[in-house]
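Q: Hi! Could you walk me through this one? I'd like the overall layout and then a few residues.

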Amino acid sequence: MASCETCQYAYIDEFTGEAVCDLDLDEDEVIRMSHRPTKECPYYKDGDEYKAVRKQL
């Protein structure tokens, strides 16, 4: 399962210290996501810029 902390669309809220999704979803998409049988986010995109570089080493 992908973690919100590593998602490209997340940022760390300075007040709570938690990862917050910054993806601009409309109301229908939010409802669809909340009724999914799995907790896996369909919009997750790996934000690790150095993943390809580490693979080359």
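A: Happy to. Helices (H or I, at least four residues) and strands (E, at least two) are taken as DSSP runs, numbered from the N terminus. One thing to keep in mind is that this is a predicted model.

Q: Good to know. How many helices and strands does the protein chain have, then?

A: There are 2 helices and 2 strands. Along the sequence they come in the pattern β-β-α-α.

Q: And what share of the residues is buried?

A: Of the 57 residues, 4% count as buried. The accessible surface of the chain is about 5300 Å², and carbon and sulfur atoms account for 52% of that.

Q: What about long-range contacts, say between residues at least 24 apart?

A: Taking contacts between residues at least 6 apart in sequence, 41% of them join residues at least 24 apart.

Q: Switching to cysteines: how many disulfides are there?

A: The count is 0 disulfides.

Q: Why no bond for cysteine 7?

A: Because its closest cysteine sulfur, the one in cysteine 21, is 6.1 Å away, too far for a bond; a disulfide needs the two sulfur atoms within 2.5 Å.

Q: And cysteine 41, which cysteine sulfur is closest there?

A: Cysteine 21 again: its sulfur is 6.0 Å from that of cysteine 41, also too far for a bond.

Q: Are those two buried or exposed?

A: Cysteine 7 counts as buried, at 12% relative accessibility, whereas cysteine 41 is partly exposed at 31%. The cut-off for buried is under 20%.

Q: Let's move to lysine 45. Where does it lie?

A: Lysine 45 sits in the loop between α1 (27-34) and α2 (51-56). It is partly exposed, with a relative accessible area of 42%.

Q: What does lysine 45 touch, beyond residues up to four places away?

A: Thr6, Cys7, Gln8 and Tyr9. As for cysteine 7, it is 38 residues from lysine 45 along the chain, yet their C-alpha atoms are separated by 5.4 Å.

Q: Nice. Last one: where is alanine 10 found?

A: Alanine 10 belongs to strand β1, which covers residues 10-12. Its relative accessible area is 24%, so alanine 10 is partly exposed.

Q: Which residues is alanine 10 in contact with, leaving aside its neighbours within four places?

A: Those are Cys4, Ala19, Val20 and Cys21.

Q: How are alanine 10 and tyrosine 44 placed?

A: They are 34 residues apart along the chain, and 9.4 Å separates their C-alpha atoms.

Definitions and conventions: Residues are numbered from 1 along each chain as its sequence is written. This is a predicted model: local features need pLDDT of at least 70, side-chain atom pairs count only at pLDDT 80 or more; totals for chains, interfaces and linings use all residues. Side-chain values use heavy atoms; hydrogens and water are left out. Buried means under 20% relative accessible area, exposed over 50%, partly exposed in between (1.4 Å probe, protein chains only). Contact means heavy atoms within 4.5 Å. Accessible areas come from the Shrake-Rupley method with a 1.4 Å probe; for residues, only the protein chains shown count as cover.
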